[in-house]
Structures are given as structure tokens and as C-alpha cells.
Amino acid sequence: MKNLFAVLLLLWSTFAIAQSAASKVEFAGASDAIKVNKIQVKQGALMQVQAEMYNDLRTPMTVYYRTRWLDEGGFQVWEDEAWKPMVFQAFTTQRIQMTAPTPKARDFKIQLSTEDATRAPRQMLNQ
């Protein structure tokens, strides 16, 4: 019985982590290629975020990312950051780290695009 409870607890916590990671990411472009494995948050004077992502394709690709910093009510507390490129080799894991620019930031959304950051992201994500 204890083993069954331990397995159920592990499955529930894995689902909760995956669901919370998915709720923190917004995709533009081909979202099938990039999988967000884990997001860790450190709350201090300035919030710190680390995201672990995996390229599920057989070919290298460039991913553009930025962070939208929000207060506890979901309102944006800082201007949109510039898109940053990151090259993913085939079947590799990358980590990105971001630090909030203001102590008002209590939440965040990581925005990812597989399109050229000068074109596609303007169409989407500025909601």
C-alpha cells in the first residue's frame, strides 16, 4: 500500500511540474520541436528563473526567447525584452537563465519562437 501511495504521489508531482512549466511558456512558430522539461524559480530581491529545454528534431535550429515579467496580478511590470537567439543542436538540452529587472516582478512568461525574431514574433505574443 505504501508503494502504491508513493507511486501515485510521484506521478501527481510530475504532472504538476509539467503543467506549471507549460503554463509559463508561450510559443510562436513550430512549438513541436522544443520541449520545456523543467522550470526552476528562485525568489529573492530579484526573481531568478532557469528553464531547461530540449530540441526534439534531427537537425539544429535557432530558437529566440525573451521573458515577460509580471506582478502578482498578471500585469506586465517591465517593457518587453529584446529577442535573444539560441542555437540548439539536434537532440540536445539547453538551459537559459533570466533575472527579473525589478523587484515588482512576481511572475513571468517565457516566450519562445522558432521564427526569425525580426518577423514572426511581432505578429504574435504582443497581446
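**Strands, core and salt bridges**

User: How many helices and how many strands does the protein have?

Analyst: Helices (H or I, at least four residues) and strands (E, at least two) are DSSP runs, numbered from the N terminus. The model is predicted, and local features need pLDDT of at least 70, side-chain atom pairs count only at pLDDT 80 or more, while totals for chains, interfaces and linings use all residues. Residues are numbered from 1 along each chain as its sequence is written, and side-chain values use heavy atoms, leaving out hydrogens and water. From the N terminus on, the elements run α-β-β-β-β-β-β-β-α, and the count is two helices and seven strands.

User: In what order do the strands of the open sheet stand?

Analyst: Strands of a sheet pair through backbone hydrogen bonds, either parallel or antiparallel. Here two strands count as a pair if DSSP finds at least two bridges between them. The open sheet has four strands with mixed pairing, and their order is 1-7-4-5.

User: Which strands stand at the edges of this sheet, and by how many degrees are neighbouring strands turned against each other?

Analyst: Strand 1 (25-28) and strand 5 (84-88) each have a single partner strand, so one side of each is left without a neighbour in the sheet, and these two stand at the edges. For the angle, axes are lines fitted to C-alpha atoms, for helices over the stretch in contact, and angles run from 0 to 180 degrees between N-to-C directions. With direction ignored, neighbouring strands of this sheet are turned against each other, on average, by 30 degrees.

User: How does strand 1 run relative to strand 7, and how does strand 4 run relative to strand 7?

Analyst: Strand 1 is joined to strand 7 (residues 107-113) by four bridges, with Val25 standing opposite Ile110 and Phe27 opposite Leu112. Strand 4 is joined to strand 7 by seven bridges, and Trp69 has Phe108 as its bridge partner there. Strand 1 and strand 7 run parallel, whereas strand 4 and strand 7 run antiparallel.

User: How many residues of strand 7 are buried?

Analyst: Buried means under 20% relative accessible area, exposed means over 50%, and partly exposed lies in between (1.4 Å probe, protein chains only). Buried residues make up 33% of the 127 residues in the protein. Strand 7 is mostly covered, and of its seven residues the number buried is five.

User: Which strand gives the most residues to the largest nonpolar core?

Analyst: A nonpolar core is a set of buried Ala, Val, Leu, Ile, Met, Phe, Trp, Tyr and Cys residues joined through side-chain atoms within 4.5 Å. The largest one has 23 residues, and those with the most contacts inside it include Trp69, Ile110 and Leu112. Strand 2 (34-42), strand 3, strand 4, strand 5, strand 6 and strand 7 each give two or more residues to this core. With four residues, the one that gives the most is strand 4.

User: Which residues of strand 1 does Leu112 touch?

Analyst: Contact means heavy atoms within 4.5 Å. Strand 1 covers residues 25-28, and the residues that Leu112 touches, not counting those up to four places away in sequence, include Ile34, Met53 and Trp83. From strand 1, Leu112 touches Val25, Glu26, Phe27 and Ala28.

User: How far apart in sequence are the parts that Lys24 and Asp107 tie together?

Analyst: A salt bridge is a side-chain nitrogen of Lys or Arg within 4 Å of a carboxyl oxygen of Asp or Glu, and the side chains of Lys24 and Asp107 meet in one (2.3 Å, N to O). Lys24 lies in the loop between helix 1 (2-23) and strand 1 and Asp107 lies in strand 7, so the parts tied together are apart in sequence by 83 residues.

User: Is Glu52, the partner of Arg95 in a salt bridge, buried or exposed?

Analyst: The side chains of Arg95 and Glu52 meet in a salt bridge (3.0 Å, N to O). This pair links distant parts of the chain, with Arg95 in strand 6 (residues 93-99) and Glu52 in strand 3 (residues 48-55), 43 residues apart. At 15% relative accessibility, Glu52 counts as buried.

User: Which residues are joined into one network by salt bridges that share partners?

Analyst: Asp80 forms a salt bridge with Arg68, the closest N and O atoms being 3.3 Å apart. Asp80 lies in the loop between strand 4 (61-70) and strand 5 and Arg68 lies in strand 4, so the pair ties together parts that are 12 residues apart in sequence. Asp80 is partly exposed at 31% relative accessible area, whereas Arg68 is buried at 9%. The residues joined into one network are Arg66, Arg68 and Asp80.
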